[in-house]
Amino acid sequence: MRQAVRQLQYLKVAAQVGSFRRAAEMCHVDQSNVSRALKQLEDYLGVSLFDRTRGGVRLTPAGQNFLAEAAPALEQLESAWRAARATRRAAAGLVRIGILTSLAGGVLRQLIQAFVERHPQISIDLRDGGRRDHLAAIRAQRLDIAFITGSGSVAGCETQELWRERVHVALSEAHPLAARDKLDWPDLKGERFIASRAAPGPEVHDYIVRRSCDYSTYPEVEDKATLQDTLMNLVSLGQGITLVSAAWTAVRVPGLVLRPLTAQADIVPFSAVWLSVNDNPAFLRFLQTTRELATKHAPFRSYEVEDD
């Protein structure tokens, strides 16, 4: 079977380029391989498929008829092989994942670690960003899946809530509130907040304003032109306080402490978002792992969410 298909491929290419030598170059084999394979095909069929001249080769009428009949079957076989190879390449594919929380710890790290252990050949491309950017990238198929806050539906996308995290206050160990084990919003009245202008800073800014307003306070929030890691160092240096997810408890920054907010409203759901039409084989395996773990933990174990 393999030999017959190879003979048909050589026949097709040689007919197109009019030369056994050029056909061999295009097929990355020696010219003798092409000549021998096509001679064997002619012997088997009992007809000459090519007129051979010093200027090259061209199909005989019998060769033209044979190629016309064989070409559709060859195209179907090549298409089937491409599909099979695409499936096989899932073991060496790429999954593009949008995140907006730290990967130092927490459920997201558990999920990605489980997937990497199951499929070590598949590459993971992690991209930081905010909710709006991630959703735009999902719809444009620049991302395969994104993990965002919230549990509501997203127009045109599939969603599944996977875990929840308690919001923490990040502050300097020298701050007076650092001596407390837990905090609530009335404790933060009059505090100076800072947030990054880069994602997830704008979402953090909005969250601070919304939750403060619930207690009839209007906070001071300064936006910093820094990334989240630098922002946390500014907090540790006493330049303000900020809010982070529980996953940040796995990050060690000198002089920085995290204290959980006690209100039930400060437990934030995290959901996966993707397109149902995404047929990337590597992504489908990642989604399968996500769903398996979600079903097993129904939903994933909440990360550092204690009873009040």
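The legends below describe close-up views of a predicted model.

**View 1. The crossing of helix 1 and helix 3 in the predicted model**. The axes of helix 1, residues 2-17, and helix 3, residues 31-45, come within 9 Å and cross at roughly 110 degrees. Because angles of 65 to 115 degrees count as roughly perpendicular, that crossing makes helix 1 roughly perpendicular to helix 3. On the side of helix 1 the contact is made by Q3, Q7, Y10, L11 and A14, and these residues meet N33, V34, A37, L38, Q40 and L41 in helix 3. Sorted by type, the residues of this contact comprise seven nonpolar and four polar ones, with no charged residue.

**View 2. Helix 2 and its buried residues**. Helix 2 spans residues 20-27, and its buried residues are F20, A23 and A24. These residues cover an arc of only 100 degrees around the axis, which puts them on the same side of helix 2. The elements against which the buried residues of helix 2 pack are helix 1, helix 3, strand 1 (50-53) and strand 2 (56-59). At the start of the helix, a side-chain oxygen of S19 reaches to within 3.2 Å of the backbone nitrogen of R21, while helix 2 is followed by H28, whose phi is positive and near 60 degrees.

**View 3. Helix 6, with its buried and exposed residues, and Q141 after it**. Within helix 6, residues 131-139, the residues H134, L135, A137 and I138 are buried. Seen down the axis of helix 6, the buried residues fall within an arc of 160 degrees, so they line one face of the helix. R132 and D133, by contrast, are exposed on the other side of helix 6. The buried residues pack against four strands, namely strand 3 (94-99), strand 4 (123-128), strand 5 (145-149) and strand 12 (267-274). Helix 6 is followed by Q141, which is found in the loop between helix 6 and strand 5. The phi of Q141 is near 60 degrees, a positive value in a residue other than glycine, and at 46% relative accessibility Q141 counts as partly exposed.

**View 4. The surroundings of V235 in helix 8**. V235 is found in helix 8, which covers residues 228-236, and V235 is buried, with a relative accessible area of 0%. When its neighbours within four places in sequence are left aside, V235 is in contact with A170, L171, S172, I194, G240, I241, T242 and L256. For P176, the separation from V235 is 59 residues in sequence and 14 Å in space, taken from C-alpha to C-alpha.

**View 5. S216 and T217 in the loop between helix 7 and strand 9**. T217 is found in the loop between helix 7 (201-213) and strand 9 (220-224), and the place of S216 is in the loop between helix 7 and strand 9 as well. S216, at 58% relative accessibility, counts as exposed, whereas T217 is buried, with a relative accessible area of 17%. Although S216 is not a glycine, this residue has a positive phi of about 60 degrees. Not counting residues up to four places away in sequence, T217 touches K189 and S212; a polar atom of the T217 side chain lies 3.0 Å from the backbone oxygen of S212.

**View 6. The cis peptide bond from A199 to P200**. The peptide bond that leads from A199 to P200 is cis, with omega near 5 degrees. P200 has its place in the loop between strand 8 (192-196) and helix 7. As a general background to this view and to the positive phi values in the views above, most residues other than glycine have a negative phi, and most peptide bonds are trans.

**View 7. N278 and its contact with D144**. N278 is found in the loop between strand 12 and helix 9 (281-297), and at 12% relative accessibility N278 counts as buried. The side chain of N278 makes a polar contact with the side chain of D144, at 2.9 Å. With residues up to four places away in sequence not counted, N278 touches D144, F283 and L284.

Methods:
Residues numbered from 1 in each chain as written. Predicted model: local features only at pLDDT ≥ 70, side-chain atom pairs only at ≥ 80, totals over all residues. Heavy atoms only, no water. Axes fitted to C-alpha atoms, helices over the stretch in contact; angles between N-to-C directions. Helix = DSSP H or I, 4+ residues; strand = E, 2+ residues; numbered from the N terminus. Parallel < 35°, antiparallel > 145°, perpendicular 65-115°, else oblique. Contact = heavy atoms within 4.5 Å. Nonpolar A, V, L, I, M, F, W, Y, C, P; charged D, E, K, R; others polar. Buried < 20%, exposed > 50% of the residue type's maximum accessible area, 1.4 Å probe, protein only. Polar contact = N/O pair within 3.5 Å; in protein donor to acceptor, adjacent residues only side chain to side chain. Arc of directions from axis to C-beta.
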